Amino acid sequence: MQTAEGIVGEFFALKESVEADILAMQCGDFYEFFGPDAELVERELDLNVSQKSSGGEKYPMAGVPLTELTPYLQALVDRGYRVAVADQYETEDGHAREITRVVTPGTLIDTPDASARYLMALASPAENVIGIAAAELSTGRFLIARTTGEKALERALSTCHRYDPVEILLGPTLREKDRLCRHVTEQIDARLTELDADAFAPGRAAHTVAEQFGRETIESLGLDEEPRAEVAAAGAVLTYARETGSGVLAAMARLTRIGDAEEVALDLTTQRNLELTVPMTEGGTALFDVIDRTVTTPGRRTLSEWLQRPRRDRELLVERRDGVEAFVAAPLAREGLRDELSDVGDLARLANRAVRGSADPRALRSIGETLYRLPAIEEVIANDPELADSPLGNVLDELDRDILVQVGETLDGAIREDPPRTIQEGDIFQRGYDPELDKLIDEHEAALEWIQRLAAREQERHGITHLQVDRNRTDGYYIQVGNSETDAVPQSYREIKSLKSSKRYTTDELEARERDILQLETARAEREHELFVNLRDRIGERAPTLQAAGRALGKLDTLAALATHAAAAGWSRPELAEPGAGIDIEDGRHPVVEATTEFVPNSVRLTPEEAFLLVTGPNMSGKSTYLRQTALITLLAHVGSFVPAASARIGLVDGIYTRVGALDELAHGRSTFMVEMQELSNILHSATDESLVILDEVGRGTATFDGMSIAWAATEYLHNGIGAYALFATHYHELTELADRLPRVRNVHVAVDEAGGDVTFLRRVKPGPANRSYGIHVARLAGVPEPVTDRADEVLAQLRADNPVEARGGDDTEPVQAVFDVAAGEFRPDATADGGEQQGVPPGTESVLAELRELEVEAERPIDLVARIAEWQDRLEE
Ligand code: ADP
Ligand code: MG
């Protein structure tokens, strides 16, 4: 046994040797933290801290049970910490410890949540070229991409946002860029990790990538091309995965290239604004929450990925959509399939655990159970003509049937039902799996049974009633007899311990049995361990096939889920038209609002000739909802889903951009005018004539007139310079005039009924501009006192007519006059006030008048007077 000093000392030595914020060191059945690390986990995880004495000093100490490390690890890495784990292993003389892995946000693998956790690397080995690699270590997904040109970095970041990584490695040239680093940590909210620059060097990286995925892969994907940017990024991810000891490399077999061209650009702001997977306000509802009808974890993961990464690959979208359509048409088969699916495991992650050697008996059992269900799942599809003739018929075609059958057979009859969590607990295998193990089990159980009967036998033989047989750590097996009867024990009993009210004995026979039992226990555990590791390795070898099967099942689940929701909510099959063809939605609805509200459907039509809609209407009439539903329907079509509309024809878009005005966002406490302008700038830089742009109250975060000017100019730019499809909701009534001047801009308004001076919201979108501002009506509705609203009506009428408005004093004396200068947007309190119709004097006049009044005519020479008068004339001219 080590001294306390030894353990604490060892802890600090290990901590010193590794680059990590925290070390968790195994000590028997616990992972322990000492010193500052214990204090840190106390703070972060609320663990209890005790004191450990060592070398005359006391050290804080905290610990978690071996089997419960995972949730603590996750909590720590989610807070941005890098945690090293040291495991204990047996040696000739006792045991030793070594660091086995370093867990970071991107390399955390055992996680109960469904969402993907991407580790990404960006490398820029040459000007204007960025290589991107994204890996999901828990499922073995590995993706690469490249962006080029002046906007390479912006595009790369846009890709980053779509994968929402938890950790990012930046190549040597990129990590110098402070703004980029801030963006990564603040906007993407990912951990920024410094990795040795060598890992990004294209030569070394190419070697690493070839080793992992094979030379042919590099050639077939054209990754050899200088400057080998993708290779640099991929190499860095692989190096990092190896260095942190995640043990997943063997599970990563497939390298997939994602082209910018295939995905719909969707920046983080837009994902947030549209509330795709996360609601904007607490207690709100995200689109995902409403439509998620998946029954498996991989299905849930797939659905959320599809929503966050809409595609514009028509063939792929048609395949998904037609799959959904088939499921909609075959409700019974669909339910049958969902039933089968509801019991399948997360094959990709389970297989990955097998590769890493961390799969427990339950994990292997779950793989087996999932594979047994495959035939039934296939049968459901094959037996329904609707499904069989659709693209669904092919989803499982790509699977390597032979290998899956083989894995299934390997697992058949292996792990018993409801097995233990850990191998150490034993009792893992079914009877009949291994004759040698069975024999050991039989003998072991016979010996145990002998012990079990021993008490009864001895009681009877010696007439002792208070006799029992038990086992503990120090005494091993023993016979315990109450003090009142110890006189009756036979000669053959040897006393081993005397307690307060009883004595413990053993016998030769009992000792012999005990030795047998110990031997059998060890032999049994060893055999089980050997069998299990062997089985796990054999399954691990098939990880890529199992991952592919997992993906296919996830896809089936997602398609069935989309169909289930489409059928329940009355969604329709969108027609997918060529890029840039426009958007034509008949009676569209908002997928989230319709779930809880009697929804009034509205149509929207954007064509190359009428590409820009200005949406006006009073506050709360439904402008924002109309904009968002258009964006969401467009997005759902690019997911492959049905859409909430009577019918829809969607021309493929290359990006969906949204900007929601500061006031709406201020309510959510996270916007400033600067942010609003940055986002507008991003849209104006990125959108093309194949994009859908949603601008909701842009320019609202500043004074009326400059806000309106920005909105005006942005509209012109989107219309003339970019030619994007756009919906612009505004309360600037003035903007509606743009429709008369710009050929592709149209006005629509959300109609209200004004009968009886009250406003009733009709939620109906109609052609043409709203006829005026409704602020005063809303004030009236809100119960603002009548004298105020009546007076407001009068003031408004004066302002509209460009007339001066009098500011009324508090008593009945002469009213004070003030002129509201419409052009300047402000009151001019110094204006002359002599009642009635007088217009404001032109600027500059006043100073001339003042000088004239003060002029002492007698004191001036006539020639000077002439000069002054000429000067005044000039000034008045201006
Ligand atoms: P605006 O942007 O014009 O201020 P919103 O779009 O925020 O208005 O809508 C205001 C309220 O009206 C929201 O609570 C929304 O749920 C509801 N609403 C909007 N459009 C509809 C509709 N077509 N059918 C039913 N309710 C709607
Ligand atoms: Mg609004």
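**A walk through the predicted model**

Arginine 628 is buried, with a relative accessible area of 17%, a figure that falls within the buried class because that class takes in values under 20%. The structure described here is a predicted model, and arginine 628 offers a convenient place to enter it. This arginine has its place in helix α22, and, leaving aside residues up to four places away in sequence, arginine 628 touches Asn273, Leu274, Met280, His590, Val660 and Asp696.

The helix that holds arginine 628 also leads to the ligand. Helix α22, which spans residues 623–637, supplies three residues to the shell around ligand 1, and this is the largest share of that shell. In total 13 residues surround ligand 1, and the closest of them are Val600, Met620, Lys623, Ser624 and Thr625. Sorted by class, the shell holds five nonpolar, five polar and three charged residues.

Several polar atoms of the protein can be placed against particular atoms of the ligand. A polar backbone atom of valine 600 is 2.8 Å from a nitrogen atom of ligand 1, while a polar backbone atom of methionine 620 is 2.7 Å from an oxygen atom of ligand 1. In the case of serine 624 a polar side-chain atom is involved, and this atom lies 2.7 Å from an oxygen atom of ligand 1. Taken alone, ligand 1 exposes 550 Å², of which the protein buries 79%.

Further along the chain comes strand β21, residues 645–651, which pairs in the parallel sense with strand β17, residues 575–577, over three bridges. Within this pairing, leucine 576 stands opposite isoleucine 650 of β21. Strand β21 is also joined to strand β18, residues 583–588, by five bridges, and these two strands run antiparallel; here isoleucine 585 has alanine 648 of β21 as its bridge partner. Both senses of pairing that are met along β21 belong to a general pattern, which can be put briefly. Strands of a sheet pair through backbone hydrogen bonds, either parallel or antiparallel.

Another group of strands is arranged around β14. All seven of the seven residues of strand β14, residues 476–482, are buried, so this strand is largely enclosed by the rest of the structure. Six bridges join β14 to strand β13, residues 467–472, and the two run antiparallel, with a hairpin of three residues leading from β13 to β14. Across this pair, aspartate 470 stands opposite tyrosine 478 of β14. Strand β14 also pairs with strand β16, residues 502–506, in the antiparallel sense over four bridges, and in that pairing the bridge partner of glutamine 480 is arginine 504 of β16.

The last region to visit lies earlier in the sequence. Six strands form an open sheet there, in the order β11-β10-β7-β8-β9-β12, with mixed pairing. The edge strands are β11, residues 191–193, and β12, residues 256–257, each of which pairs on one side only. Within the sheet, strand β8, residues 129–136, is joined by eight bridges to strand β9, residues 141–148, and these neighbours run antiparallel. As one position by which to locate this pairing, alanine 135 has phenylalanine 142 in β9 as its bridge partner.

How values were computed. Residues numbered from 1 in each chain as written. Chains lettered and ligands numbered in written order. Predicted model: local features only at pLDDT ≥ 70, side-chain atom pairs only at ≥ 80, totals over all residues. Heavy atoms only, no water. Pairing = 2+ DSSP bridges. Near = heavy atom within 4 Å. Polar contact = N/O pair within 3.5 Å; in protein donor to acceptor, adjacent residues only side chain to side chain. Areas by Shrake-Rupley, 256 points an atom, 1.4 Å probe, with all protein chains shown as cover. Nonpolar A, V, L, I, M, F, W, Y, C, P; charged D, E, K, R; others polar. Buried < 20%, exposed > 50% of the residue type's maximum accessible area, 1.4 Å probe, protein only. Contact = heavy atoms within 4.5 Å.
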